Amino acid sequence: MSDGPSVSVNGRTYRYPRRPTVVVCIDGGEPEYFDRAVAVGVAPAIARFRAQGVSRLARCVVPSFTNPNNLSIVTGVPPAVHGICGNYFYDPATGREVMMNDPAFLRCGTLLAALAQAGARSIVITAKDKLRRLLGHGMTGICFSSEKANQVTKDEHGIERVTDLVPLPVPDVYSAELSEYVLAAGLALLEREQPDIMYLSLTDYIQHKHPPGDPVATRFYAMLDRYFGAFDRAGAVLGITADHGMNAKSRADGTPHVVYLRPLLDTLLGPGRARVILPITDPYVVHHGALGSFATIYLDRAADLPAVLARLRATQGIAEVWDNAEGCRRFELAPDRVGHVLVVAERHVVLGKAPEEHDLSLLEEPLRSHGGVTEQTVPFVLNRPLGAAYARRDGELRNFDIFDYALNGVA
Ligand SMILES: [Zn+2]
């Protein structure tokens with residue numbers, strides 16, 4: 001480890017890593033999963049961090065989706081600044097609906113790129129390839145996904161033959177092993193490459209299917225805990241958080257509890273006058289059928305706004321309805337990246353476009369999903385205690401404070 005300069009990124013200053021610093025984002029890591037795993041004794045590392053390090057709760061970004069939160073974690077700022085307000089959005093400039101996976105949509109730099117620029121050895125590993133280019137934007141170093149671990153090249157990913165590193169087959173994109181592979185590769189690279197800073201982003205496959213306390217979920221958290229213990233023993237400063245929580249979203253009969261927005265808007269305004277965007281949409285529909293608890297709506301006619309707000313506010317299952325300006329203030333979003341109306345569903349409800357646009361037959365279990373304010377609480381864990389200055393701080397934590405605490409806060 002070399003000493004290097006502090007770096008300033010997006011209004012925050014970070015100390016150069018004095019020890020290898022590893023941040024893990026558990027996709028869909030609802031805090032109760034840890035509680036259940038600790039309670040049955042399969043998460044000794046987390047139990048130890050609770051006793052000797054830091055274990056608190058933090059709030060994630062709403063919409064509580066993967067891309068906005070992963071980008072907040074690596075930039076240290078809300079989507080109002082970094083611009084990634086969903087996994088998917090409507091681009092009024094082109095009139096097209098597109099995935100927000102392209103770094104061209106990113107409006108600021110990342111901490112990882114800045115540290116690499118300052119001389120730090122930086123590594124990013126993601127489960128799903130969709131996040132790789134955003135997280136690795138502008139960064140020199142190693143950056144790849146476990147989804148495409150067998151397709152890495154020195155030029156594109158900064159590393160070759162990842163598959164030699166990990167004694168596991170390259171996993172299926174819909175599997176728990178996709179996350180394990182990220183951790184196994186991270187641990188191997190911690191030893192081989194001696195990085196200064198590492199960001200490991202997992203997948204929410206298990207959390208979408210299995211509630212806290214379910215044996216499959218508990219086994220998954222026991223696996224995570226073994227790796228957390230190994231990172232700790234290897235001498236790393238370890239920070240653990242989540243991009244969002246996860247809740248059951250089905251009715252008593254097991255069918256998804258969906259409020260379909262388009263039929264409602266068509267009845268109110270006439271057909272085709274409103275465009276419903278579901279920012280949960282991503283290429284991995286088996287997880288959630290594109291059903292989450294947040295939607296945004298573009299209106300043809302500005303004059304329709306009051307009627308739409310009133311109608312949605314009177315709809316059962318909907319928790320919050322905002323116009324663009326108020327919603328963007330409340331959730332710290334970029335006004336030009338969301339529609340005229342922002343809609344948040346209640347805890348056990350999701351928002352859909354129209355029944356014919358969601359293939360619910362893909363769902364193998366009762367729907368669990370996220371996107372709303374009710375999935376905003378996430379774990380915030382460090383394996384070491386805080387120094388006096390950070391220990392004294394009170395006030396609420398955000399998941400995107402994790403690098404600040406890991407680099408600046410730990411004693
Ligand atoms: Zn996620």
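A residue counts as buried when its relative accessible area is under 20%, and in this predicted model D27 therefore falls in that class, with a relative accessibility of 2%. D243 is likewise buried, its relative accessible area being 0%.

These two aspartates meet at the zinc ion, whose protein donors are D27 through OD, T66 through OG1, D243 through OD and H244 through NE2, at distances of 2.0 to 2.2 Å. The angles that the four donor atoms subtend around the zinc ion run from 94 to 132°, and the arrangement is therefore tetrahedral. For comparison, the ideal angle for four tetrahedral donors is 109.5 degrees. Along the chain the donors follow the spacing D-x38-T-x176-D-H, and the pair D27 and D243 links distant parts of the chain, since 216 residues separate D27, in the loop between β3 (21-26) and α1 (31-39), from D243, in the loop between β10 (237-242) and β11 (247-248).

The strand β10, which ends just before that second loop, is mostly covered, with six of its six residues buried. In a regular strand the side chains alternate between the two faces of the sheet; in β10, V237, G239 and T241 point one way while L238, I240 and A242 point the other way, and all of them are buried. On the pairing side, β10 runs parallel to β3, to which six bridges join it, and T21 has V237 as its bridge partner in β10. β10 is also joined to β19 (377-382) by three bridges in an antiparallel arrangement, where the partner of G239 is L382.

β10 also takes part in covering a helix, α2 (residues 44-52), in which A45, I46 and F49 are buried. These residues lie on the same side of α2 because they cover an arc of only 100° around the axis. An α-helix has 3.6 residues a turn, so residues three or four places apart point the same way. The buried residues of α2 pack against α1, β4 (54-59), α10 (215-233), β10 and β19, whereas the face turned away from them carries the exposed residues P44, A51 and Q52.

A comparable one-sided pattern appears in helix α13 (residues 324-331), whose buried residues are N324, G327, C328 and F331; their arc of only 95° around the axis puts them on the same side of α13. Among the elements covering them are β14 (294-299), β15 (318-323) and β16 (341-345). At the N-terminal end, D323 caps α13, a side-chain oxygen lying 3.3 Å from the backbone nitrogen of A325, and just after the helix E332 takes a positive phi of about 55°.

Conventions:
Residues numbered from 1 in each chain as written. Predicted model: local features only at pLDDT ≥ 70, side-chain atom pairs only at ≥ 80, totals over all residues. Heavy atoms only, no water. Donors = N, O, S within 2.8 Å, 3.2 Å for Na, K, Ca; no water. Tetrahedral: all angles 85-135°; square planar, octahedral: opposite > 155°, others 65-115°. Helix = DSSP H or I, 4+ residues; strand = E, 2+ residues; numbered from the N terminus. Buried < 20%, exposed > 50% of the residue type's maximum accessible area, 1.4 Å probe, protein only. Arc of directions from axis to C-beta. Contact = heavy atoms within 4.5 Å. Polar contact = N/O pair within 3.5 Å; in protein donor to acceptor, adjacent residues only side chain to side chain. Pairing = 2+ DSSP bridges.
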